[in-house]
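Open the model in your viewer, switch on a cartoon view and keep the selection box handy. We will go from stop to stop, with something to select at each one.

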Amino acid sequence: MMKYILSCIVLITLLASCGGDKHESKNPMFAYFYEVDSVPRIYLYRDIAHGLDEQFHRIYSVTDAKGDHIVVEVYATDGRILEAINYNVDSLDVMDHMVVNRNLEKAKAEVFKDKLIPMNDQEEVWFATRFQGFLDSTLILKEIKRKVSGKEIQHEVLGEQVPTIVMKDRVRMTNFNPFTKKESVLEGKSTNYFAKGYGLVEWHTPDKKVHYKLEKILTQEEFLQIIAH
């Protein structure tokens, strides 16, 4: 298991992008997104509703012949990689979505709608992706409809007040069994905080029974030490 996790961490996936100059984007929300940096940074989020639950996001940029893109890899508390999203720096549209299936294999999801970051505070964007279920033979269709909620605010990030944009999500998860033809649907909402120069720093459900907040930014070496124990 640990060998698999470490191999996922050191692997840099070269994916095509739609272009864009270094550190520039046509999306005005880029100021509240992650910085373009080829050196990985690992965001440690803690669920302040359940203090022992953590989540790690490993963030780095990759440049190929077509331009720059930012990759966000998501890891569970125990260091298992769960998924990765590849954003086109030029537009912040999603270029690729990878999910680790029940066999601990990386599988490319089908992306039907590729927008997760709005261009302004009026636009509602739609992200839709389908992938194999985590526990059985089901297929999961995950849909997120996201909109900016209000104007820029000052929000506490790592002990400092930082300009922040709040985005509200409507999430729909459809589980479909291709053999029995049965399906079930789960729906929910989430509030997300994107801080200038940081990207995603906090998110919670309306009742805050799930409430993750950025606690620390780790180096690659610090992250490897944590998940090796």
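Start at helix 2: select Glu 221 and Gln 225, which are exposed on one side of this helix. This is a predicted model, so treat what you see as a prediction. Now colour Gln 220, Phe 223 and Ile 227, the buried residues of helix 2, which runs over residues 220-227. Why do these buried residues sit on the same side of helix 2? They cover an arc of only 65° around the axis, and that puts them together on one side. As background, an α-helix has 3.6 residues a turn, so residues three or four places apart point the same way.

**Zoom out**

Show the whole protein chain, with its two helices and 14 strands. Of its 229 residues, 47% count as buried. The chain exposes about 11,800 Å², and carbon and sulfur atoms supply 55% of that area. Among contacts between residues at least 6 apart in sequence, 50% join residues at least 24 apart.

**Tyr 45 and its surroundings**

Next, select Tyr 45 in strand 1 (residues 41-47). Is this residue buried or exposed? Tyr 45 is buried, with a relative accessible area of 0%. Display its contacts, leaving aside neighbours within four places in sequence: among them are Tyr 34, Asp 53, Gln 55, Leu 200, Trp 203 and Tyr 212. Val 201 is also in contact with Tyr 45. These two residues are 156 apart along the chain, yet their C-alpha atoms are separated by 8.0 Å.

**The largest pocket**

Switch on a surface and look for the largest pocket, which holds about 1,400 Å³ of space. To centre the view, select Gln 55, Val 74, Glu 83, Lys 142 and Trp 203, the closest to the pocket's centre of the 44 residues that line it. Which strand gives the most to this lining? That is strand 12 (residues 183-195), with seven residues. Colour the lining by type and you will find 25 nonpolar, ten polar and nine charged residues. Gln 55 and Trp 203 may look familiar, since both are in contact with Tyr 45.

**The cavity**

Hide the surface for the next stop. A search of the whole structure finds one cavity of 30 Å³ or more, and the volume of the largest cavity is about 30 Å³. Select its lining: His 155, Glu 156, Val 157, Leu 158, Val 201, Glu 202, Lys 213 and Leu 214. Strand 10, strand 13 (199-204) and strand 14 (211-218) each give two or more residues to this lining. The largest share, three residues, comes from strand 10. By type, the lining of the largest cavity divides into four nonpolar, one polar and three charged residues.

**Two leucines with positive phi**

Keep Leu 158 selected and move along the backbone to the loop between strand 10 (153-157) and strand 11 (160-176), where this residue lies. Its phi is near 50°, a positive value in a residue other than glycine. Most residues other than glycine have a negative phi. Leu 158 is partly exposed, with a relative accessible area of 36%.

For the last stop, select Leu 92, in the loop between strand 4 (81-88) and strand 5 (94-100). Leu 92 also has a positive phi, of about 70°, although it is not a glycine. Its surroundings are another matter: Leu 92 is buried, with a relative accessible area of 0%.

Conventions
Residues numbered from 1 in each chain as written. Predicted model: local features only at pLDDT ≥ 70, side-chain atom pairs only at ≥ 80, totals over all residues. Heavy atoms only, no water. Helix = DSSP H or I, 4+ residues; strand = E, 2+ residues; numbered from the N terminus. Buried < 20%, exposed > 50% of the residue type's maximum accessible area, 1.4 Å probe, protein only. Contact = heavy atoms within 4.5 Å. Areas by Shrake-Rupley, 256 points an atom, 1.4 Å probe, with all protein chains shown as cover. 1 Å grid on protein atoms, 1.4 Å probe; cavity = no way out; pocket = protein on both sides within 12 Å on 5 of 7 lines; lining within 4 Å. Points joined across faces, edges and corners; volume = space filled by probe spheres on them. Nonpolar A, V, L, I, M, F, W, Y, C, P; charged D, E, K, R; others polar. Arc of directions from axis to C-beta.
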